[in-house]
Protein chains: 2
Amino acid sequence: METTMKTKTLENLFHETLKDIYYAERKILRALPKMARGAKSPDLKAAFEKHEQETQTQVERLQQVFELIGKPARGKTCPAIDGIIEEGEEALEAFAGSPALDASLVAAAQAVEHYEIARYGTLRRWAQVLGMKDAAKLLDATLQEEGATDEALTKLADGSVNQAALEAA
Amino acid sequence: METTMKTKTLENLFHETLKDIYYAERKILRALPKMARGAKSPDLKAAFEKHEQETQTQVERLQQVFELIGKPARGKTCPAIDGIIEEGEEALEAFAGSPALDASLVAAAQAVEHYEIARYGTLRRWAQVLGMKDAAKLLDATLQEEGATDEALTKLADGSVNQAALEAA
């Protein structure tokens, strides 16, 4: 159902943003296996594989939120995540065979994580204001996972990936 | 100078990512006045105006980093920021005249901030690994500002913007 301009509410904005992140999560789900295959470091490969599993659960949580608001789980094209993933793919191609490849993969993945952190942070706050406690809880669970993934990537970068890029150069 | 695939190093990756964020910052600089004009809340308007000033300084810091690595300050198209800003403009149009407009502007701005936090966080770590202390310091100064801007936006959202969207609905 389309609403007219004047009646657009915070509920509409919540729904639109939910569709945005639903599209994004499913796009990320398709990108992660490529990133895992591209990674040279076994630890980085394992991190992408772990996050693929998490992302599957995150998609299911979004489906539960759609159910809670009585709407079909449907995405809408999200040019932001399309752009972020396009840049990651460009880097994967440009740095194939380079010692800096893993460093570029970590950078791409952290750009993805931060997009998600922004969106889930916003959605969680809107859910709270709208009194949707169950939705807020689901969104918060994913937000915590995205934050932990971002931190794990930073640790990998600092612990080995950046140094490896340097030493092999 | 183009480098062949095999010789691509962390220095190349640093330079490519610097061009990416340089393009992004200048695009953000053009978007901020539109966001300030669109905002209904005087506090939100003031926050965008303040961040426009900061962004000008951030562009200049990037120019200094280009100088430190002996390269011309030149951007390269960043599909990620193009997508993020496109979504913000769509929301600005779709929610014009709606009580949820400011909430949508905050969400768009926080997506921008998180993209920058990801990129500056990565660039700062690479600068440190590459032994470029002055560059790391410049990048860190901007990273701190982006983090503070993101926090200020969260405070505005929690303090008044989200509630206003709800009450007027």
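This is a short walk through how chains A and B sit together, plus a look at two residues.

Before we start, this is a predicted model, where local features need pLDDT of at least 70, side-chain atom pairs count only at pLDDT 80 or more, and totals for chains, interfaces and linings use all residues. Residues are numbered from 1 along each chain as its sequence is written, chains are lettered from A and ligands numbered from 1 in the order in which they are written, and side-chain values use heavy atoms, with hydrogens and water left out.

Okay, symmetry. Chain B goes onto chain A by a rotation of 180 degrees with 0.0 Å of shift along the axis, and the RMSD is 0.0 Å; that's a least-squares fit on C-alpha atoms of residues with pLDDT of at least 70 in both. So the two copies are related as by a two-fold rotation axis. And 100% of chain B's interface residues are also interface residues in chain A, so the copies meet through the same surface.

Now the interface itself. Here 44 residues of chain B are in contact with 45 residues of chain A, contact being heavy atoms within 4.5 Å. The buried area is about 3800 Å², with carbon and sulfur atoms giving 64% of that; this is accessible area, with a 1.4 Å probe, lost on putting the two parts together and summed over both. B:Lys8, B:Glu87 and B:Arg125 supply 16% of what chain B buries against chain A, more than any other three residues.

What about charges? There are four salt bridges across the interface, meaning a Lys or Arg side-chain nitrogen within 4 Å of an Asp or Glu carboxyl oxygen. One to look at is A:Glu87 with B:Arg119, with the closest N and O atoms 3.0 Å apart. On the chain B side, H4(B) gives the most to the face touching chain A, with 14 residues; helices here are DSSP runs of H or I, at least four residues, numbered from the N terminus.

Two residues to finish. A:His15 is in helix H1 of chain A, residues 10-38, and is buried, at 16% relative accessible area. Leaving out residues up to four places away in sequence, A:His15 touches A:Phe66, A:Ile69 and A:Lys71. B:Ala46, over in helix H2 of chain B, residues 42-68, is partly exposed at 41%. For the cut-offs, buried is under 20%, exposed is over 50%, and partly exposed is in between, with a 1.4 Å probe and protein chains only. The C-alpha atoms of B:Ala46 and B:Ala36 are 7.3 Å apart, and those residues are ten apart along the chain.

Key. Helices (H or I, at least four residues) and strands (E, at least two) are DSSP runs, numbered from the N terminus.
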